[in-house]
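Open your viewer and keep the selection box handy. We will go from stop to stop, picking residues and looking at what sits around them.

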Amino acid sequence: MGNYQRINPKAPAEIERRHAYLLGGGIASLSAAEFLIRDGHMPGKNIHIVEMLPMEGGSMDGAGTAEEGYTARGGREIEEHFECFMDLFGSVPSLMNPERTVLDEFRELNLEEPIESHCRIVSNQGKKGDFSSLGLSTENALELARLHMLSEEKLGSTTIEQYFSPSFFETNFWFFWATMFAFEKWHSVVEVKRYTERFMHLIGGLNCLKGILHTEYNQYDSLILPLTTMLKNQGVQFEYGCTVTDIDFDFNGGKKTATAYRYIRNGTEKVQKIQSGDVALFTNGSMTQNTTRGSLDKPAVINRSGDKGCFSVWEKVAAKTEGFGHPEKFCSDIDKSKWLSFTVTLKDDDIVFPYLLNLTGDKPGMGGLVTIKDSSWFMSWVVPKQPHFINQPENVKVLWAYALNLDVGGDYVKKTMSECTGREMFEELLYHMGLKDKIPQILNHTVNVIPSMMPYITSQFMPRVPGDRPDVIPAGSTNFAFVGQFAEVPQDCVFTVEYSVRSAMMAVYGLLNLEKTVEPVYPSQYDIRVLASAARTCLNLNNVPLKDIPLGRLLAGTELAKML
């Protein structure tokens, strides 16, 4: 968005009497609340965030104690061109210094402690792998180039495995890509296309995670907590313990108008009317819906319940009219959308963290994801910046790991990951790190290992076609919008914080008819400099002078050659 568009919109008519009902307490609703106040001039007290859980934040969680152990189901990767995200947190005061913003401190951290991995891949029990290139053949690189050229409509519901040749899945590119973004072979190749285009400017540093940004603490403490604190100070109403069960609509005259939502609180069914002029935003799916947790000695048993929370509400809503999407495409095959993560809490550790520093050469928080290439579970780990939780003592350390293959036997623990306790998962990880002989000593310093089984964690990647995700503001809607990972945001990538924040901005600006422009998606795929850099990286030409390839000879002496 150009500076010409950075305006303070006029207040919509009668905004002081209008209310907003935000169904779901994740980052999409929290962002929407701030945009309603900041850009829509709605009084905070008129905004109602309705959440089933006793706290806000949705999938951006982080909690625990040094005595019981910490848990965070995962963190979304962030990069510089999350335009809506940066716009939002540029107006959220820091909890440490209200004179500064969350964005101020976030940027300062990443300038001082940038991520650049010196150990992206390991195998053979803690031996560094070669991650100097993406390992793509010319055929593989041309497959990526062709993917860029094809339209989403042409690709349709094609899967990754159907599109790419078998050799692609043996490349470093696939190991990096699959573990950074949690792609499986049966997921939608359209989402791979969106990712390659959305993050084309990062492909040159993909092998060492250059350009990926991190927060001071886990994303709840660093992002959700200051945002929530600001909203509460502005009077926003947080209504916890409310399980939304249905939304009523009036479809007269070809319009779609939300008239009420139904919910259960303290065992009592209730109805909240939505009056004329009010708006309702619905988070119609959650990638962490029905999460179950285990412990050091207890597996996280998968929840296959027919009650799928917000997905179930979406199923009811979608059955009422055209244009509300097809939820069954995303939440009907748990075995293709599940994975497990686990958070390890260590006390007085003098083995694991020193060993990992020596192995990787990366200080905590500055290395990012390390993938175990020969892990049957396809496991990766992250050593975050310490402390990872605001209340974490200095003698306590936290690390995080996850895996994509849950139903095959381990290489050290001869059980599937799904069957394992937290202790067994940690043992498998320590084996692959090269710490097999130290396992008993390390376990003596292990406070807890908390696994999180998430049945729908990659459901947003399932193959789909246009219309399966509803538009943020469906055709004919007068006061209702979908927000979050399961609403359609053209050109942007699901499984990112930016996607949810952008959907919230689109919903608020659209429903209130604000004249302010939504921040456009960063168009890196249209920048010839980015395209050239990505092509050189994918073809492994970074060490070949331009003059030595046919294109270089063709462009000799031109301004374009200088730029390339």
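The tour goes through a parallel sheet, a helix packed on it, some aromatic rings, an enclosed strand and another helix.

Before you start, note that this is a predicted model, in which local features need pLDDT of at least 70 and side-chain atom pairs count only at pLDDT 80 or more, while totals for chains, interfaces and linings use all residues. Residues are numbered from 1 along each chain as its sequence is written, and side-chain values use heavy atoms, leaving out hydrogens and water.

**Stop 1: the parallel sheet**

Helices (H or I, at least four residues) and strands (E, at least two) are DSSP runs, numbered from the N terminus. Select strands 9, 2, 1, 13 and 20: these 5 strands form an open sheet in the order 9-2-1-13-20, with parallel pairing. Two strands pair if DSSP finds at least two bridges between them. Strand 9 (237-239) and strand 20 stand at the edges with a single partner strand each, so one side of each has no neighbour in the sheet. From one strand to the next, the twist averages 20°; axes here are lines fitted to C-alpha atoms, for helices over the stretch in contact, and angles run from 0 to 180 degrees between N-to-C directions.

Now zoom in on strand 1 (residues 20-23) and strand 2 (residues 47-50), which run parallel and are joined by 4 bridges. Leu 23 has Val 50 of strand 2 as its bridge partner.

**Stop 2: helix 15**

Add residues 497-511. This is helix 15, which packs on the sheet and touches strand 13 (279-283) and strand 20; contact means heavy atoms within 4.5 Å. The direction of helix 15 makes about 170° with that of strand 20. Of its 15 residues, 13 are buried, so helix 15 is largely enclosed by the rest of the structure. Buried means under 20% relative accessible area, exposed over 50% and partly exposed in between (1.4 Å probe, protein chains only). Just after helix 15, look for Asn 513, which takes a positive phi of about 55°.

**Stop 3: rings around Phe 480**

The structure holds 42 aromatic pairs. Rings of Phe, Tyr and Trp (its six-membered ring) pair if their centres lie within 6.5 Å; planes under 30 degrees apart count as stacked, over 60 as edge-to-face and the rest as tilted. Show Phe 249 and Phe 480, an edge-to-face pair at 4.9 Å centre to centre with 90° between the planes. Phe 249 lies in strand 10 (residues 242-250) and Phe 480 in strand 20 (residues 480-483), so the pair ties together parts 231 residues apart in sequence.

Which ring has its centre 5.7 Å from that of Phe 480? Select Phe 324: the planes are at 45°, so this pair is tilted. Phe 324 sits in the loop between helix 10 (310-318) and helix 11 (328-331), 156 residues from Phe 480. Both Phe 324 and Phe 480 are buried.

**Stop 4: strand 15**

Move to residues 339-347. In strand 15, 8 of the 9 residues are buried, so the strand is largely enclosed by the rest of the structure. Strand 15 is antiparallel to strand 19 (residues 446-454), with 8 bridges between them; Val 344 is partnered by Val 449 there. Strand 18 (residues 396-403) also pairs with strand 15 in the antiparallel sense, over 8 bridges, and Leu 340 has Ala 403 as its partner.

**Stop 5: helix 16**

Finish at helix 16 (residues 528-538), where Val 530, Ala 532, Ala 534, Thr 537 and Cys 538 are buried. Their cover includes helix 4 (138-149).
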